Amino acid sequence: MPEQIQAIINRILEWWRKFTKRQQVLIISITAVVLVSFIILGIVITRPNMVELIQCEDGAQAAQVKELLEGENIKYETSEDGFTFYVEDKDYGQMNVVLGSNDIPSSGYSMKDVFDGSFSTTEADKQKMYKEFLEQKYEKTLELQSMIEHADVILNIPEQDGTLIAKRDPSWATITLSLSSEMPEETARGLARYVACTLGNDNTDNIAIMDTEGNMLFPGDEETTSLSSAKGNQDVREKASHEISERVHKVLEGTNLYDDISVGVNLSMNFDENSYVDYDYSIDEGRTEGYLDSESGSSSNSVNGAGGVPGTDTNDEDTTYVMEDNNQTETSTEEFYKDYLPDERITTHKDEMGKRVLDDSSISVTCKTYAIYNQDKMEKDGTLEEAGQTFDEFVKANSDPIQQEVSDDIVEVVAQATGFPVARVKVVAYEIPMFQYKEGPAISITDILQIVLAFLIFAMLGFVVFRSLKTEEEEPVEQELTIDDLIASTQEEEEEELEDIGYTEKSEARILIEKFVDEKPEAVAQLLRNWLNEDWGA
């Protein structure tokens, strides 16, 4: 192998020495220029394109943006004052959504690009251009998300006529998405918050997001999104069931008793919105009534009878000092009102929407352990011989799963982990037989054929490479033949084959020469060439 490498180096040097010094310098210069050009082109092509993400208003906002960028592992650059952030164009859409979800409006586009029109452009035209600009911006930003293939955005922005009412009117957005995979509810809510924030809306009530299959991903009311539709209720139930299932898996795997665990959860949840008020009255210990709140009273007393005028006036005939029988009346009136305040406690109850009703829920757990039967091992320890069975017969007789007893502790563990009543928990366990037949040869005939074929292919490639690198050997120069050598060799052959020579009138030398020409024409041709060369050289 070193000889072959040296031969290649020698060929390269031989090719290089064919050029003059000027040509060699020119080749080196051109090669260096081309190489440097490719290096510069590679740097330019692979250099990330940084775009402006946001211009922060103060240091607090800049610190928040920096924390979000580092939390998302996004490469970024800042301006000299640290208030302007730049990110790679491939990360621009993702960070727009992240900033919008955190109520931070991004500033990646200049309004000058939208309103750079002629003097004939009216205010209404500018508002239409701004609306189209925002629609295209949202579509481009949304399509940068990995699960969104295409986005169609329709905006309804109130016309700004300069009045205060027009400024307070919120904008509307309807977004239709073509998805490559299912979009989680949290992602849809984050997109809605991003759009609402950049539109200047106070909330997401006027943002609706749906997919091309007609599924409402975000209906427009953030507070009731997850509970306002049957799909939202089902999503909440599935998430809660998955959380319970994971909890059961964790506690049962910790026992190291089972190889495989399957959990089925039938979770009952109440999505009704109910409220009621409790009034509770009480008084302090030792009192028979509450505290006095108000008091009213009235009392009247009068006595009627005949009598004269007091003083010095003379009494008339009807006046007497004797009280007649049954001539005196007496009236007494008394009214009173008191209001007492007992201790009062008013409690308002509002049922939790999506509350788990554990008493009506149930859970089923199937646990499996695998019993492995190895044919080689069973034949070696004599298990098959004791059973009087072949391995196939053993497999046929023991293929059915065997139910195992489950202790009350396992049921109690599941009940405690889920909060379900013990009566609503069902746990079953089975032993699943698994059979391993004898292992065949480590290398099959197919593998051997593939190895041989690969070896032949590599051998042929090596032979081709070796032949291409092998230098052509110079043909050895044949020694010149003289006439004496020619005659001597011919005589030796004639002595062995004298019987082949017949009587002829030709001379013996001529006969020998003719026979030599017939039998060895190549030698004769070589002899003639030598004679001619000698003549020409002379």
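This passage describes a sheet with its covering helix, two nonpolar cores, one further helix and the salt bridges of a predicted model.

The structure is a predicted model, in which local features need pLDDT of at least 70 and side-chain atom pairs count only at pLDDT 80 or more, whereas totals for chains, interfaces and linings use all residues. Residues are numbered from 1 along each chain as its sequence is written, and side-chain values use heavy atoms, with hydrogens and water left out.

Helices (H or I, at least four residues) and strands (E, at least two) are taken as DSSP runs and numbered from the N terminus. Two strands are said to pair if DSSP finds at least two bridges between them. On this basis, 4 strands form an open sheet with mixed pairing, in the order β4-β5-β6-β7. The edges are occupied by β4 (148-156) and β7 (216-218); each has a single partner strand, so one side of each is left without a neighbour in the sheet. On average, neighbouring strands of this sheet are turned by 25° against each other, direction ignored. Such angles are taken between axes, which are lines fitted to C-alpha atoms (for helices over the stretch in contact), and run from 0 to 180 degrees between N-to-C directions.

Individual pairings show how the sheet is assembled. Strand β5 (residues 172-179) pairs with β4 in the antiparallel sense over 8 bridges. Within this pairing, H150 stands opposite S178, and A151 has L177 as its bridge partner. The strands β5 and β6, by contrast, run parallel and are joined by 5 bridges; here L177 stands opposite D211 of β6. In a regular strand the side chains alternate between the two faces of the sheet. Helix α8 (residues 185-199) lies across β4, β5, β6 (207-211) and β7, and runs at about 140° to β6.

In soluble globular proteins, nonpolar side chains tend to be buried together. A residue counts as buried under 20% relative accessible area, as exposed over 50%, and as partly exposed in between (1.4 Å probe, protein chains only). A nonpolar core is a set of buried Ala, Val, Leu, Ile, Met, Phe, Trp, Tyr and Cys residues joined through side-chain atoms within 4.5 Å. The largest such core has 25 residues, of which L177 and I209 touch the most other members. At least two residues of this core are supplied by each of α6 (123-143), β4, β5, α8, β6 and β7, and the largest share, 7 residues, comes from α8. Neighbours within four places in sequence left aside, I209 is in contact (heavy atoms within 4.5 Å) with I175, L177, A188, L191, A192, N215, M216, L217 and F218. Apart from this core lies another, of 21 residues, including A240, I261, I410 and V411.

I410 and V411 belong to helix α13 (residues 408-418), where V414, A415, A417 and T418 are also buried. These buried residues cover an arc of only 165° around the axis, which puts them on the same side of α13; the arc is that of the directions from the helix axis to the C-beta atoms. D408, D409 and Q416 are exposed on the other side of α13. The helix is followed by G419, which has a positive phi, near 85°.

A salt bridge is defined as a side-chain nitrogen of Lys or Arg within 4 Å of a carboxyl oxygen of Asp or Glu, and by this rule the count comes to 5. One of them joins R189 to E185, with the closest N and O atoms 2.8 Å apart. Both residues lie in α8, 4 residues apart, about one turn of the helix, and both R189 and E185 are buried.

A network of salt bridges links E243, R247 and R356. The closest N and O atoms are 2.0 Å apart between E243 and R247, which are separated by about one helical turn, being 4 residues apart in helix α9 (residues 230-253). Between E243 and R356 the corresponding distance is 3.6 Å. Because E243 lies in α9 and R356 in strand β14 (residues 355-356), this pair ties together parts that are 113 residues apart in sequence. The relative accessibility is 31% for E243, 29% for R247 and 34% for R356, so R356 counts as partly exposed, as do E243 and R247.
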